[in-house]
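Me: Please take a close look at one part of the structure shown below, and set that part in its surroundings. A single connected account would be preferred to a list.

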Amino acid sequence: MTRVVLSIGSNLGDRLARLQSVLDQLGDAVQAVSPVYETAAWGGVEQGPFLNAVLIAEDARLDGHGWLDRAQQMEAAADRVRGQKWGPRTLDVDLICCHLTSLDGDTELFSLEDGLTLPHPLAHLRAFVLIPWLAIDPGATLTVAGGAQSVAKLIAQLDPADRAGVRRTEFVLELRTES
């Protein structure tokens, strides 16, 4: 079984519907979903604000590359166009970290392969990832520079303006279970 932390965001079109589409496509694999936050765009490109959330999902059939393929399929279904780096997008689905769980315990997957870097190399710098993640997993840790660090500690190390820029909304993403 693999357990993945996904950061999802949108700043084009019906932003909330784009985020909800991820939950709908993952279905019963979704184990937890954060509140929805609005944030200014990150990366220096002038554009509208994002809606962001983090979710935790599990699937025994997927490894790191499988989750990457799934994320890219969801982006494609939302008409994601990969143009300007850190530019506006209909949907962004980032793999933050991935763990293999078995009877022997929990093992974090590491990758530096082309197209798949795990854990996400910039997650520890992004309040819009860390704050929603902490909301659904207060004991969360992220490997940074070879060592596990608590997400709460990483948030505390961020610039206060970055933390303040992540504003919780009243929007709700729904876990819809099949009947």
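Reply: Threonine 2 is buried, because its relative accessible area is 4%, under the 20% cut-off. The model in which this residue is seen is a predicted one. Threonine 2 belongs to strand E1, and it provides a suitable point of entry to the part examined here, the packing of the helices and strands around it.

Leaving aside residues up to four places away in sequence, threonine 2 touches Ala57, Glu58, Asp59, Ala60, Leu62, Asp63, Trp67, Cys98, His99 and Leu100. Another relation across the sequence concerns glutamate 108: it lies 106 residues from threonine 2 along the chain, with 9.4 Å between the two C-alpha atoms.

One of the residues touched by threonine 2 is Trp67, and Trp67 is also among the buried residues of helix H2. The others buried in that helix are Gly64, Gly66, Leu68, Ala71, Met74 and Glu75. Together, the buried residues of H2 pack against E1, H1, E4, E5 and E8. Helix H2 itself comprises 14 residues and reaches 20 Å from its first C-alpha to its last, close to the 20 Å expected at 1.5 Å a residue.

The partner helix, H1, covers residues 15-26, and H2 covers residues 64-77. Their axes are 10 Å apart and meet at an angle of about 130°. An angle of that value lies between 115 and 145 degrees, and H1 and H2 are therefore oblique to each other. The crossing by which H1 passes H2 is right-handed. On the H1 side the contact is made by Val22, Gln25 and Leu26, and on the H2 side by Trp67, Arg70, Met74 and Ala77. Sorted by class, the residues of this contact are 5 nonpolar, 1 polar and 1 charged. Trp67 and Met74 thus appear both in the contact with H1 and in the list of buried residues of H2.

Helix H1 may be treated in the manner used for H2. For its 12 residues, a span of 16 Å should result at 1.5 Å a residue; the end C-alpha atoms are 18 Å apart, which agrees. Buried within H1 are Arg15, Leu19, Gln20, Ser21, Val22, Leu23 and Leu26. These buried residues pack against H2 and against several strands, namely E1 (2-10), E2 (30-33), E3 (37-39), E4 (50-59) and E5 (92-102). Strands E1, E4 and E5 also pack against the buried residues of H2. After H1 comes glycine 27, which has a positive phi, near 55°.

Leu23, one of the buried residues of H1, has a further neighbour. Leucine 175 touches Leu23, together with Val30 and Val33, when residues up to four places away in sequence are not counted. Leucine 175 is found in the segment after strand E11 (167-168). At 43% relative accessibility, between the limits of 20% and 50%, leucine 175 counts as partly exposed. Its C-alpha atom is separated by 22 Å from that of glycine 139, a residue 36 places away along the chain.

Strand E8, against which buried residues of H2 pack, spans 116-118 and is joined by a loop to helix H3 (127-136). Proline 119 is found in that loop, and the peptide bond leading to it from leucine 118 is cis, with omega near -10°. In H3, 7 of the 10 residues are buried, so this helix is largely enclosed by the rest of the structure.

Notes: Residues numbered from 1 in each chain as written. Predicted model: local features only at pLDDT ≥ 70, side-chain atom pairs only at ≥ 80, totals over all residues. Heavy atoms only, no water. Axes fitted to C-alpha atoms, helices over the stretch in contact; angles between N-to-C directions. Helix = DSSP H or I, 4+ residues; strand = E, 2+ residues; numbered from the N terminus. Parallel < 35°, antiparallel > 145°, perpendicular 65-115°, else oblique. Left-handed = near helix turned anticlockwise from the far one by under 90°. Contact = heavy atoms within 4.5 Å. Nonpolar A, V, L, I, M, F, W, Y, C, P; charged D, E, K, R; others polar. Expected span 1.5 Å × (residues − 1). Buried < 20%, exposed > 50% of the residue type's maximum accessible area, 1.4 Å probe, protein only.
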